[in-house]
Amino acid sequence: MDEQLEQIHRDLWSELSRGAVDRHHGFHVPTLCTIGADGAPSARSVVLRRVEPEPGELWCHTDWRSAKVAEIRRAPRVAWHFYAPERKLQLRVGADAEFEATGPRADDGWSRSALSSRRAYLAPRAPGSACDGPSPNLPSGVLDRRPTEDETVPARANFGVIVTRVAAIDWLSLASEGHRRARFMRAADGSWSGRWVEP
Ligand SMILES: Cc1cc2nc3c(=O)[nH]c(=O)nc-3n(C[C@H](O)[C@H](O)[C@H](O)COP(=O)(O)O)c2cc1C
């Protein structure tokens, strides 16, 4: 990789890392795409929860009962889409995903989750279940408030982390003086290569 590509690669990982911790960053709520049972793409917003540049990992949290978990188990290839309008920066990321409901990584994700985030995992019914009318799918006692730590204990059983290992990144930077685009690929030994492509 030339020096400019090396720099861009370092910068994009630090932007991703910022996106995980700064809820005002455009990368904080990316789109995660999986492949549905019928082979059709399936896209949804998720919160970017953790970025590990060295192993090349992007993490989010979800309910094991949600459709995306079954989709990942069936077909682990996923795509992420990020756009930070304040930086005019798009990243399209290809990765392999796994879902973990137990173990140190899931426990760590849970322990770092705010009580307000944990509340969603108190949902009595699986996300996506048919219902007779509009439903928040939450116990009525916590509808208008943040649960206590004790109240979130049963929610842990529904929670897990989706850990995705990045294989390829398409970087696009918009600018009035000319857009720039590059592609980065990760080899089996973990090393990265990069090349310029036309925007
Ligand atoms: C701003 C925003 C953030 C969201 N964050 C998450 C998240 O971090 N994890 C999650 O499972 N769903 C999140 N959702 C809900 C998903 O977009 C989706 O509706 C839900 O997970 C069900 O998806 P599935 O049926 O494809 O599994 C978020 C939705 C929005 C609008």
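Let's start at a strand pairing: R50 stands opposite W59 in strand 4. Keep in mind that everything here is read from a predicted model.

**Strand 4 and its neighbours**

The R50–W59 pair belongs to a short stretch of sheet in which strand 3 (residues 50-52) and strand 4 run antiparallel, joined by 3 bridges. These two strands make a hairpin, with 4 residues linking them. In that turn, G56 has a positive phi of about 70 degrees.

Strand 4 (residues 57-63) also pairs with strand 7 (residues 159-173), again antiparallel, through 7 bridges. Two contacts help you find your way along this pairing: C60 has I162 as its bridge partner in strand 7, and T62 stands opposite G160. How many of strand 4's 7 residues are buried? The count is 5, so the strand is mostly covered.

**Strand 7 as a meeting point**

Follow strand 7 and you meet further partners. Strand 6 (residues 89-100) pairs with strand 7 in the antiparallel sense over 12 bridges, and V93 is matched there with I169. Strand 8 (residues 180-186) is antiparallel to strand 7 as well, with 6 bridges between the two. Here A168 has M185 as its bridge partner. Strands 7 and 8 form a hairpin with 6 residues in between, and G178 in the turn carries a positive phi of about 135 degrees.

Here are the pairings side by side:

| Strands | Sense | Bridges |
|---|---|---|
| 3 and 4 | antiparallel | 3 bridges |
| 4 and 7 | antiparallel | 7 bridges |
| 6 and 7 | antiparallel | 12 bridges |
| 7 and 8 | antiparallel | 6 bridges |

As a reminder when you look at the strands, side chains in a regular strand alternate between the two faces of the sheet.

**Around the ligand**

Now for the ligand. It is surrounded by 15 residues, and the closest are R44, T62, S66, A67 and K68. Strand 2 (41-45), strand 4 and helix 2 (67-74) are the elements that each give two or more residues to this shell. Which of them provides the largest share? That is strand 4, with 4 residues. T62 therefore turns up twice in this story: it is among the residues closest to the ligand, and it stands opposite G160 in strand 7. By type, the shell divides into 6 nonpolar, 6 polar and 3 charged residues.

Methods
Residues numbered from 1 in each chain as written. Predicted model: local features only at pLDDT ≥ 70, side-chain atom pairs only at ≥ 80, totals over all residues. Pairing = 2+ DSSP bridges. Near = placed C-beta within 6 Å. Nonpolar A, V, L, I, M, F, W, Y, C, P; charged D, E, K, R; others polar. Buried ≥ 20, exposed ≤ 12 C-beta atoms within 10 Å, placed from the backbone.
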